[in-house]
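This report covers a chain contact and one helix. Please view the model alongside the text.

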Amino acid sequence: MKNSFDEKILEEANDWVKGNQKVVLATVIQTWGSSPRPTGSRMIVNENGDFSGSVSGGCVESAVVRECIGIIKDNKPFKKIEFKVSNESAWEVGLACGGEIAVYLERVN
Amino acid sequence: MQLKILQEIIKKKINKSEFAIITNLENSNSEIFELGKPIGKNFEKYKDQINEFYKNKKNGVIENTNIFVETYIRPIKVIIVGAVHIAQYLIDYAKSLNFEIIVIDPRGYFATEQRFPDMKIMNKWPDEAFKEIETNSNTALIALTHDPKIDDPALQHALKKKFYYIGALGSKKTHANRCQRLTEAGFSNNEINSIHGPIGIKLGGKSAPEIALSIIAQLVSETYKR
């Protein structure tokens, strides 16, 4: 639920785009187990790897930033990524809390 | 997400509308869903499920589909009576929490623009001010003047309209006197006991920002108890 405690990431995304930055929006679309942030949590990333907001408690943000930069470089419109506890082969990072999340990355344009 | 949609969402948030964003994860096309408005062709077959998510204020992917629904609800209206020192800090905290704040104070020397930049203060008595504000059981009241002339009418209005949170600043003695007056005005013990007085959770602090923090913490906690 996006209630009164909404974090205003979309507003920030709009400001970044207005400032001619390339922006990827990352949204938690699914969670399983004790994931750190609820569905709907958001983060934005630009072409330089600057980011704002969060999709976890700091566990997977660095990987999300890398993926987002990749999307911008490859000029891809979107991508879905999943983070699991023991997903070591795909990611150096994982959720320390033992949860699983699916994050949807999409260009804002 | 298309920039056009993103900007439309921001506009809707500013206008305090309730809506949902629906996204097809297969192509990242999004659109805004509003109750009673026609739904786009691409999402029409999921209409019932989207309505269900919207009704329950739920976010998530509709089962066995690639449709993501994210619902937005209106910010909670918080009415502060008394443009006092604590109110200045409350407004700061409330901004990052995205509460919709309305400050009422009939005393012109408190309700100045210099003390409250970027904030319109209603320079009216609560009874008059409440004629212009829509209130209901999703509204909160924070009474800060501890002046019965100003606080009491606001508290009475909040009790009648069954605000989900009513807090009143003042010592235990001030609060006991306040309860006595409300009893005389015909309010039941149950109603009177629903008022948080002395206001705020116990943090131990005495400074204006600390009191504001204790009030906002209580308000957030009560918001989730609704």
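Two residues count as in contact if their C-beta atoms, placed from the backbone, lie within 7 Å. The model is predicted.

**The contact between chains**

By that cut-off, the contact draws 23 residues from chain B and 23 residues from chain A. On the side of chain B that touches chain A, the elements giving two or more residues are helix H1 (3-14), strand E3 (60-61) and strand E4 (67-72) of chain B. H1(B) supplies the largest share of that side, five residues. The make-up of the side of chain B that touches chain A, by class, is tabulated here.

| Class | Residues on the side of chain B that touches chain A |
|---|---|
| Nonpolar | 14 residues |
| Polar | seven residues |
| Charged | two residues |

**Helix H3 of chain B**

Helix H3 of chain B runs over residues 85-97, 13 residues in total. From first C-alpha to last it reaches 19 Å, close to the 18 Å expected at 1.5 Å a residue.

Which residues of H3(B) are buried? They are B:Ile86, B:Ala87, B:Leu90 and B:Ala94. These buried residues cover an arc of only 90° around the axis, so they sit on the same side of H3(B). An α-helix has 3.6 residues a turn, so residues three or four places apart point the same way.

B:Asp92 and B:Ser96 are exposed, on the other side of H3(B). The cover over the buried residues of H3(B) includes strand E5 (77-81), strand E6 (100-104), strand E8 (140-143) and helix H8 (208-225) of chain B. Just after H3(B), B:Asn98 adopts a positive phi of about 65°.

How values were computed
Residues are numbered from 1 along each chain as its sequence is written. Chains are lettered from A and ligands numbered from 1 in the order in which they are written. This is a predicted model: local features need pLDDT of at least 70, side-chain atom pairs count only at pLDDT 80 or more; totals for chains, interfaces and linings use all residues. Helices (H or I, at least four residues) and strands (E, at least two) are DSSP runs, numbered from the N terminus. Ala, Val, Leu, Ile, Met, Phe, Trp, Tyr, Cys and Pro count as nonpolar, Asp, Glu, Lys and Arg as charged, and the others, Gly among them, as polar. The expected span of a helix is 1.5 Å times one less than its number of residues. A residue is buried if 20 or more other C-beta atoms lie within 10 Å of its own, exposed if 12 or fewer, and partly exposed in between; C-beta atoms are placed from the backbone. The arc is that of the directions from the helix axis to the C-beta atoms.
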